[in-house]
Amino acid sequence: MERNEIYRRVDHTLLAQTATWEEIRRICDDALEYGTASVCIPPSYVGRAKEYLGDRMAVCTVIGFPNGYNTTEVKVFETEDAVANGADEIDMVINIGWLKDREYDRILDEIRRVKAACAGRILKVIIETCLLSEEEKIRMCGIVTEAGADFIKTSTGFSTAGATFDDIRLFAEHVGEGVRMKAAGGIKSFGDAEEFIRLGADRLGTSRIVKLAKAEKAGGQTAPDSDRY
């Protein structure tokens, strides 16, 4: 697979609690250089990043992150604020406790309300697959589809594990028409990236891929393994 085909599916990500503006600016520059799909950054940096990037690169941010247990009203407000600051894409975390309680209608309503607050922007729904049973993952495929979200996403990268090939296979079998898939967390190599894409993932949430490319360009063999993405 051509490297450019991989880069254009990457949401180049920095969500560390310690992220500084200089680090955010650097991943913006890297995203431009490698032609990634977006930069995925904390909400507090969206306005500044959008001012820096303009229309040259999509800016993605996270809502209800990483635990998902904010109230729906808070998630809606976060989304409206992110959109007002210039976010082009929104990645929201579901309320996992509601899923465990089988509060399916509440989850459906929340996703629909956040989607409305996106005002036409792309919405990706993070379901945190490492915490779910297979039955719960399948149920969420149906809910995300019914809610009209654009993507179902595996992971935050901040829980017990990230994306697996089996999760993307399962999504591919159960999501409805028009719902795309994002694998995130723990994508450590170009081989991983190629396999996720082969299985049907349209986006990859990772910083590792660009780090690997930069390390190769600099003549090194490995990239720093300093983050969860």
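These legends walk through several close-up views of a predicted model.

**View 1. The strands of this predicted model close into a barrel.** Start with the overall frame: 8 strands are arranged in the order β1-β2-β3-β4-β5-β6-β7-β8, and their pairing is parallel. Going from one strand to the next, the twist averages 25 degrees. As background, strands of a sheet pair through backbone hydrogen bonds, and they can do so in a parallel or an antiparallel way.

**View 2. Strands β4 and β5 run parallel.** Zoom in on one pairing within the barrel. Strand β4 covers residues 89–93 and strand β5 covers residues 122–126, with 5 bridges joining them. Which residue of β5 is the bridge partner of Asp91? That's Lys124. Keep an eye on Asp91, as UniProt includes Asp91 in its "active site" listing.

**View 3. Three residues carry the "active site" label in UniProt.** The record, an unreviewed entry, names Asp91, Lys153 and Lys182. They're spread over 92 residues of sequence, yet they cluster in space, with a largest C-alpha distance of 10.2 Å. Look at Lys153 in strand β6: its side chain joins that of Asp91 through a polar contact of 2.9 Å. Is Lys153 buried or exposed? Lys153 counts as buried because its relative accessible area is 0%, under the 20% cut-off.

**View 4. Lys182 sits in strand β7 with plenty of residues in touch.** The side chain of Lys182 makes a polar contact with the side chain of Asp91, at 2.8 Å. Setting aside residues up to four places away in sequence, Lys182 touches a list of residues that includes Asp11, Asp91, Lys124, Lys153 and Arg203. Also among them are Phe151, Ile152, Ile168 and Leu204. With a relative accessibility of 0%, Lys182 is buried.

**View 5. Helix α8 lies across two strands of the barrel.** The helix spans residues 165–174, and the strands in question are β6 (151–153) and β7 (180–184). What angle does α8 make with β7? About 170 degrees. Both strands will be familiar by now: Lys153 is in β6 and Lys182 is in β7.

**View 6. Thr79 is tucked into helix α4, buried from view.** Helix α4 runs over residues 72–84, and Thr79 has a relative accessible area of 0%. The side chain of Thr79 reaches the backbone oxygen of Lys75 at 2.8 Å. Beyond its neighbours within four places in sequence, Thr79 is in contact with Ile63, Ile90, Val114, Ala117 and Cys118.

**View 7. Val76 is another residue of helix α4.** Val76 counts as buried, at 12% relative accessibility. Not counting neighbours within four places in sequence, its contacts are Arg113, Val114 and Ala117. The C-alpha atoms of Val76 and Ile111 are separated by 9.4 Å, although these residues are 35 apart along the chain.

**View 8. The cysteines here form 0 disulfides.** A disulfide is a covalent bond between the sulfur atoms of two cysteines. Why doesn't Cys118 belong to one? The nearest cysteine sulfur, that of Cys60, is 10.0 Å away, and a disulfide needs the two sulfurs within 2.5 Å. For Cys141, the nearest cysteine sulfur belongs to Cys130, 15 Å away, and Cys141 is in no disulfide. Cys118 is buried, at 0% relative accessible area, and Cys141 is buried at 0% too.

Technical notes. Residues are numbered from 1 along each chain as its sequence is written. This is a predicted model: local features need pLDDT of at least 70, side-chain atom pairs count only at pLDDT 80 or more; totals for chains, interfaces and linings use all residues. Side-chain values use heavy atoms; hydrogens and water are left out. Buried means under 20% relative accessible area, exposed over 50%, partly exposed in between (1.4 Å probe, protein chains only). Helices (H or I, at least four residues) and strands (E, at least two) are DSSP runs, numbered from the N terminus. A polar contact is a pair of N or O atoms within 3.5 Å; within protein, one must be able to donate a hydrogen and the other to accept it, and residues adjacent in sequence count only if both atoms are side-chain atoms. Contact means heavy atoms within 4.5 Å. Two strands pair if DSSP finds at least two bridges between them. Axes are lines fitted to C-alpha atoms, for helices over the stretch in contact, and angles run from 0 to 180 degrees between N-to-C directions. UniProt positions are given in the numbering used here, feature names are shortened, and annotations may be inferred rather than shown by experiment.
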